[in-house]
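I opened the notebook to work through one chain, from single side chains up to the overall fold. These are my entries in the order I looked things up.

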Amino acid sequence: MLDPKLLRTNLEVVASKLKTRGFNLDVAKIKQLEQQRKELQTTAENLQAEKNSKSKNIGQAKAQGIDIQPLLSEVADLVDKLKQAEVASNAIIAKLEEIQVGIPNIPDQSTTIGTDEVNNLEIKNWGKPAQFDFKVKDHVDLAEARGWYDNDAAVKITSARFSVLKGSMAKLQRSLIQFMLDIHERAGFEEVYVPFIVNQESLFATGQLPKFEADSYKISKNIEHNDTNDRDLYLIPTGEVPITNIYRNQILETSKLPIKMAGHTPCFRSEAGSYGRDTKGLIRQHQFEKVEMVVLSKPEDSHKALDELTLQAETILQKLELPYRVMSLCTGDLGFSAAKTNDLEVWLPGQQAYREISSISNCADFQARRLKLRYRKGQEKPRLVHTLNGSGLAVGRTLVAILENYQNEDGSISIPRVLQPYLGGISKI
């Protein structure tokens, strides 16, 4: 969430910056509500001053033997008017807060201005796509031919856009998860295991609510079992949510920063409105696996932390020897909470295209304000931390990239050298 002071003191500037990301801030509405709030505040202050004065007069009149009933009636009337002003003021504040929670983050000044992914900037390209002397297949054809991928079973068990992986493909996915966590641990990330179900406060704190309510899987309460937990719960859309919320409502000592965490979680997204796009195979699923990285840093260190997170995700792809490129997202392609984002896109021979495999974002203090997550040095005034997150990597898409980049003419898949120890030393499946 943006600093409310910015909306009061630099509203036009904020609106101009948000416009670069395609968000039109209703300046007139905010100004109108702010004016009403100020007027009500002034009214309440005047009423309170008058009430205090008359209350003082009651004591003096009583001491002088004067009938105080008229003053008591006036004070009672002022109390009623104060309550009315408070109710009206709270209603205005609620409307302002409703607007504020729907406002995305302001792009970092280093983010390229643009309208959509066409304006994203390629800042790095690593590895050369392999040249095949046979007709390449996509991951679905490769996996179905070997009986590793069973879409029909998934539809029977749940519905479309879920998957059942079998045999060597299931083992390969498991090995990828372990490999990624090992690499992150060596780089100083603390491994964490977190709940896959979260409450509304956790989703709100990281910016998923109320913006992405329609994309979330909400869990219905079991009234028959008299569940005393009256809060709504949700399946996590990304590991970023529970991992970042570990430190919600805390004040950290400067010496503890940066805090670097990594954890494996499944992710669940209904992705309302995205039907018909990448619905075949593992590219876009309602349930998928990720190894998520989260960093909490001092504000002055967050740009450096973004570069380090990007390099950490790159390390995974380089060790797997998968061609990729790094894209710096333009303002119009940023996620809701992000101020600056680097996307890693891996080469998929089956699509003859680069596809996103990791999105790494610096959210600055946008999430920390909702999280009430601060730090301080000694007795100094607490300051908001900067939060960063990124996939390291999306496991399903990494699995896709290995199948397609390491395929052989006979339909077998060579195993990247770095993964062979995780699969008992085999070099091919």
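**Entry 1: a serine**

Is S361 buried or exposed? I noted first that the model is predicted. I then looked up the relative accessible area of S361, which is 9%, so S361 counts as buried, the cut-off being under 20%.

I placed S361 next. It belongs to strand β11, which covers residues 353–362. Which side chain does S361 reach with a polar contact? I found T341, with the two side chains joined at 2.7 Å. I also listed what S361 touches, leaving out residues up to four places away in sequence. The list holds L306, A338, K340, T341, T387, L388 and N389. T341 therefore appears both as a polar partner and among the residues touched by S361.

**Entry 2: cysteines**

How many disulfides does the structure hold? I counted 0. I checked C330, which is in no disulfide; its nearest cysteine sulfur is that of C363, 17 Å away. C330 is buried, and its relative accessible area is 0%.

Then I turned to C363. Why does C363 form no bond with C267? The sulfur of C267 is the closest cysteine sulfur to that of C363, but at 16 Å the gap is too far for a bond. A disulfide would need the sulfur atoms within 2.5 Å. I noted C363 as buried too, at 2% relative accessibility.

**Entry 3: strand β8**

I moved to β8, residues 287–297. How many of its residues are buried? I read 10 of the 11, so β8 is largely enclosed by the rest of the structure.

I looked up its pairings. Strand β7 (residues 259–268) runs antiparallel to β8, and 10 bridges join the two. One position I marked is M261, which stands opposite V294 in β8. Strand β14 (residues 386–394) is also antiparallel to β8, with 7 bridges between them. Here I marked E292, which stands opposite S391 in β14.

I added a reminder for reading such strands. In a regular strand, side chains alternate between the two faces of the sheet.

**Entry 4: a three-stranded sheet**

In what order do the strands of the open sheet run? I wrote down β6-β12-β13, 3 strands with mixed pairing. The edges are β6 (251–253) and β13 (383–384). Each has a single partner strand, so one side of each is left without a neighbour in the sheet.

I followed one pairing further. Strand β12 (residues 374–376) meets β13 in the antiparallel sense over 2 bridges. Y375 has R383, in β13, as its bridge partner.

**Entry 5: the whole chain**

I closed with chain totals. The secondary structure comes to 12 helices and 14 strands. Why do I call the chain more spread out than a compact globule? Its radius of gyration is 28 Å, well over the 22 Å that the globule rule gives for 429 residues. I put the C-alpha atoms in a box along the principal axes and got roughly 105 × 55 × 40 Å.

Burial came next: 48% of the 429 residues count as buried. The chain exposes about 21800 Å², and carbon and sulfur atoms supply 49% of that. Last, I checked contacts with a separation of 6 or more. Residues 24 or more positions apart account for 73% of them.

Note on methods
Residues numbered from 1 in each chain as written. Predicted model: local features only at pLDDT ≥ 70, side-chain atom pairs only at ≥ 80, totals over all residues. Heavy atoms only, no water. Buried < 20%, exposed > 50% of the residue type's maximum accessible area, 1.4 Å probe, protein only. Helix = DSSP H or I, 4+ residues; strand = E, 2+ residues; numbered from the N terminus. Polar contact = N/O pair within 3.5 Å; in protein donor to acceptor, adjacent residues only side chain to side chain. Contact = heavy atoms within 4.5 Å. Rg over C-alpha atoms; globule rule 2.2 N^0.38 Å. Areas by Shrake-Rupley, 256 points an atom, 1.4 Å probe, with all protein chains shown as cover. Pairing = 2+ DSSP bridges.
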